[in-house]
Amino acid sequence: MKHEVGPYLITPLLLVLVLSGIVGLFISIYLLKYKKSPGLLYLSLMQLCSAVWAFFYGLEYASTTLDLKIFWSKLSYFGIVFTPVFFYFFSLHFSSKLTQKLKIGLLALASLFLLLVLTNEYHFLHWTSYSINPKFNTTSYEYGIFFWLVFVFCYTLLILSIINIIPLTFEFSENFQTQITLLISACVFPVVGNLMYIFNVSPVPGFDWTPIFFVFSGLVLTYINIRYGTYDLVPIARNKFLDMLPDGIAVVDQHTRIVDVNPSFLRLTQQKSTDILGKSLITAFPKIKSLIEQLSPKELIAPIELDVEINGETIFFDLRLTPLYDKKNNFSGRLITLRDITEKTIYEQKINQTNQQLKKEIEEKEKLIADLDAFDHTVAHDLNNVIGAIVTSTDLLHYEVEHQNYANLKEVIELIQLSANKSFHVIKELLTLASVRQQDVKSEQIDMLSIFEESERRLADMIKTSGAQIIKPNDWPSAYGYGPWIEEVWVNFLSNAIKYGGKPPVIELGSTQFYSEKKIRYWIKDNGNGLPPNKQKKLFKKYERFNQAHIEGTGLGLSIVKRIIEKLGGEVGVVSNAIPGEGCVFYFTLLQE
């Protein structure tokens, strides 16, 4: 069915071309809504050029005079040379290789080819001759060298576009396979249409199906956009997002072979080689072998924090594993997320250290306050008594000398000396307590027998006066401690055993080794009345003397012992059944190495 309207012949094929142009124009306008996405902007421009091509080729096909056909054919080249250019730009958006220089260069080259077509009558290097096929009203051309340059230019861009898009089939998961298949099909249609025209295998000789096929490609691409969404049309956005993530991401299969890995994972693990796909994790990342060994064969591991030494540097990671399953719910691999938390961990460690130091200082201050409170309550009272005794004795001494009563002088002097010794003892205990709290010492191996014998010499008068019997072991194992402090421990334990022991005191000493804990327990046993449990709990608190008025002392002794041994990393304690004659067993432990 044909109708002539002036110099134009109206046919069904003309209507198809016009309809294709209109559809292409509408697609171009529709895609402009997404012009902020560079890929879709180029697709919109490609559709606009395809619409121009279809319109002008339709007018060429409908024209009945040769001059008019050549005029519209020249204008159709606005679409012919620029359509593959914008299609190529669209494909390059997937690989992020589109540069400003490349865009300017290709657009300039396409403009040059267009100029050569528009000026063909001056050089006839594009078409050397042309005529009308009267049977089909199509234009027959004899092609010059410029035509074949345009042909190579356009086909090179089309082939490169397909090359850019085909690898997406292998890069993306099954979720994207439908989109990618349709995308590749859309790329192939214009090539098929143009080959039919160039090699004259069209059912309508001389008719160029290329613009129609390009519009059809646009329809397919637009369908992808409408059906799957703009960002699924270009799933490479997901890859770009992964590449930009500061967290390391790796995907491994069920055999722990690397399927994919982002740049951050390589950076965090200090891996320089990028040729690692298909290799096992341990082979590809030998520097993080200890981290890889944390991976369970299948199970999901809860987020864990671990430290890994890489090139002599300790790095702290937050490791997260997520199992991956196929459509049949079969385990197929894991998603590994690696986050560098070194800076955060170091800050937390510093904060914890500071908190521990502050806590320790607060505890020390609280102990000091408690010490001062107890000192005011007990020690000050004791010092007041002995100093009062000294003052009274000196007054008495002055009186006896003044009245020349020399018979009682010796007794008065002994009283002064005894009171002075008591005050000296109280002051010495306070100084020892202060030094233990403030002084840091280095533990070293000590000779326990020598230290105990020195303690005996200090208490020789007390031992002699009480008639105490001391039973010592033949062999005493050595431990680590600080000699002067341990001597104070023995002085306190031994003096208490004499004070609270039987009449006369029988004192036994010994030691017990705990090989598994690498500790030694030293003990001293007396034959006194012992202590009930309620008094044992209070025994190592400061200034406890259980109201035994006949016993001398400040009550500082055992609290000093406790402070000394705890600072040396040991323990103190007492064992007693409160049975007269069985007494108490006091002990302290020290590290053996």
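Reader: Why is Glu487 called buried?

Author: Its relative accessibility comes to 18%. Buried means under 20%, so Glu487 makes the cut. Keep in mind that this is a predicted model.

Reader: And what makes Arg458 and Glu487 a salt bridge?

Author: Their side chains meet at 2.9 Å, N to O. The cut-off is within 4 Å, so the pair counts as a salt bridge.

Reader: How do you know that this pair links distant parts of the chain?

Author: Look at where the two residues sit: Arg458 is in helix H17, while Glu487 is in helix H19 (residues 483-500). They are 29 residues apart. Glu488 joins in as well, since Arg458, Glu487 and Glu488 are linked in a network of salt bridges.

Reader: Is Arg458 buried or exposed, or what is it called?

Author: Arg458 has a relative accessible area of 35%. Buried needs under 20% and exposed needs over 50%, so Arg458 is called partly exposed.

Reader: What makes Glu454 and Arg457 a salt bridge?

Author: Here the closest N and O atoms are 2.7 Å apart. With the limit set at within 4 Å, the pair is therefore a salt bridge. Both residues lie in helix H17 (residues 448-458), 3 residues apart, which is about one turn of the helix.

Reader: Why is Arg457 called exposed, and why is Glu454 called partly exposed?

Author: Arg457 has a relative accessible area of 54%, and exposed means over 50%, so Arg457 is exposed. Glu454 has 28%, which falls between the 20% and 50% limits, so Glu454 is partly exposed.

Reader: Which residue does Lys472 form a salt bridge with?

Author: That would be Glu456, with the closest N and O atoms 3.0 Å apart. This pair also links distant parts of the chain: Lys472 is in the loop between strand S11 (469-471) and strand S12 (479-481), and Glu456 is in helix H17, 16 residues apart.

Reader: What makes Glu456 buried and Lys472 partly exposed?

Author: Glu456 has a relative accessible area of 17%, and the limit for buried is under 20%, so Glu456 is buried. Lys472 has 32%, between the 20% and 50% limits, so Lys472 is partly exposed.

Reader: How do you know that the buried residues are on the same side of H17?

Author: The buried residues of H17 are Met448, Ile451, Phe452, Ser455 and Glu456. They cover an arc of only 145° around the axis, so they end up on the same side of H17.

Reader: How many salt bridges are there by this rule?

Author: The count comes to 9 salt bridges.

How values were computed:
Residues numbered from 1 in each chain as written. Predicted model: local features only at pLDDT ≥ 70, side-chain atom pairs only at ≥ 80, totals over all residues. Heavy atoms only, no water. Helix = DSSP H or I, 4+ residues; strand = E, 2+ residues; numbered from the N terminus. Buried < 20%, exposed > 50% of the residue type's maximum accessible area, 1.4 Å probe, protein only. Arc of directions from axis to C-beta.
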